[in-house]
Amino acid sequence: MILIKYSDLLFLGVTVAGIAILGFIIYFNDKTNITNKTFLSFSLVTVGWGVFNYLNYNVINEVFILWFIRLVMFFAIFQAYYFFKLMYVFPDKTIDIDKKLHKISFAVVLFVAGLTLTPWVFSGVIKNSNNPVYQPQSEFGIAIFAIATILLVFLGFFFLWKKYKQANNKNQKNQFVLLFIGTLLMFSLIIIFNLILPVFFKNTRFIPFGALFVFPFIILTFYAFYKHKLFNV
């Protein structure tokens, strides 16, 4: 019974440990590699997203709940951005990033990140008797957040697909396929159950499973290490 009661904390612990270990293994394998540095950034913001997602339904003070939900969104936009950037630079050690694309995308992310901390995205929270988790009261800014986040994730998959088509050896293609499946499962679950259902359908019952949604990415990335020497690890 205790295991069931604290299963969400167990999921969080395993997820945070798994994604952090992935990030630091890759980073320390080659600290100068731009792909490795970007993956570490992606890992750390995912840890932040997972921690605040857990905290937002484990406190009873409505002020803290509101701010934890805002911080979930704050980390979510950076999670989408670093995924986009990772797919842009992967698997290169060095790359000349398009300065115009970098400036525009980062400026948009900073604007949206700041917006998530204001009442223009979530103005408050309400208790819904049908759901175990407080329901955020969304405002017009949530549309801006949703568009920016989904666009960044879409562009990330677009760059990954392009590199898959350009790959000239089977092992590298297999790396791309595993990354694609892992990230597709992760972002699909997060967008559906942590964004669309809570915000647009007022259903927050799946929020406690947020950490579990990162598992496919962790498992398939570890497998890609073992089987296909992903990131040359």
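**Figure 1. Phe78 in helix H4 of the predicted model.** Phe78 is part of helix H4, in a model that is predicted. With a relative accessible area of 11%, Phe78 is buried. Leaving aside residues up to four places away in sequence, Phe78 touches Val45, Phe106, Val109, Leu110 and Ala113. Phe193 is 115 residues from Phe78 in sequence, and the two C-alpha atoms are 19 Å apart in space.

**Figure 2. Phe68, another residue of helix H4.** Phe68 also belongs to helix H4. Is Phe68 buried or exposed? Its relative accessible area is 15%, so Phe68 counts as buried, the cut-off for that word being under 20%. Residues up to four places away in sequence are not counted among its contacts, which are Phe52, Leu55, Asn56 and Val59. Val51 is 17 residues from Phe68 along the chain, and their C-alpha atoms are separated by 9.3 Å.

**Figure 3. The largest nonpolar core and a second one.** The largest nonpolar core has 63 residues. Which of them touch the most other members? They are Ile77, Phe122, Ile142, Phe145 and Leu195. At least two residues of this core come from each of helix H2 (7–29), helix H3 (34–55), H4, H5, strand E1 (122–126), H6, helix H7 (170–200) and helix H8 (215–228). H4 supplies the largest share, 18 residues. A second core, separate from this one, has 6 residues, among them Leu12, Tyr54, Val133 and Ile207. In soluble globular proteins, nonpolar side chains tend to be buried together.

**Figure 4. The surroundings of Ile142.** Ile142 is one of the residues that touch the most other members of the largest nonpolar core. Its contacts are Met73, Trp120, Val121, Phe122, Leu195 and Val199, with residues up to four places away in sequence not counted.

**Figure 5. Helices H5 and H6 where they cross.** The axes of H5 (residues 99–116) and H6 (residues 141–166) come within 10 Å of each other and cross at roughly 145°. The crossing is left-handed. On the H5 side, the contact is made by Leu101, Val108, Val109, Phe111, Val112, Leu115 and Thr116. H6 takes part through Gly141, Ile144, Phe145, Ala148, Leu152 and Phe159. How many residues of this contact are nonpolar, polar and charged? There are 11 nonpolar residues and 2 polar ones, while no charged residue takes part.

**Figure 6. Phe140, in the loop before H6.** Phe140 is found in the loop between strand E2 (135–138) and H6. Phe140 has a relative accessible area of 54% and is therefore exposed, a word used for values over 50%. Phe140 and Phe187 are 47 residues apart in sequence, with 23 Å between their C-alpha atoms.

**Figure 7. Two backbone details in loops.** Most residues other than glycine have a negative phi, and most peptide bonds are trans. The peptide bond from Phe90 to Pro91 is cis, with omega near 0°. Pro91 is placed in the loop between H4 and H5. Lys202 is not a glycine, yet has a positive phi of about 55°. Lys202 sits in the loop between H7 and H8 and is partly exposed, at 40% relative accessibility.

**Figure 8. Confidence along the predicted model.** The average pLDDT of the protein is 87, and 94% of the residues score at least 70. Among the elements, helix H4 (residues 62–89) has the highest mean pLDDT, 94, and helix H1 (residues 2–5) has the lowest, 46.

Notes. Residues numbered from 1 in each chain as written. Predicted model: local features only at pLDDT ≥ 70, side-chain atom pairs only at ≥ 80, totals over all residues. Heavy atoms only, no water. Axes fitted to C-alpha atoms, helices over the stretch in contact; angles between N-to-C directions. Helix = DSSP H or I, 4+ residues; strand = E, 2+ residues; numbered from the N terminus. Left-handed = near helix turned anticlockwise from the far one by under 90°. Contact = heavy atoms within 4.5 Å. Nonpolar A, V, L, I, M, F, W, Y, C, P; charged D, E, K, R; others polar. Buried < 20%, exposed > 50% of the residue type's maximum accessible area, 1.4 Å probe, protein only. pLDDT = per-residue confidence, 0-100. Core = buried A, V, L, I, M, F, W, Y, C linked by side-chain atoms within 4.5 Å.
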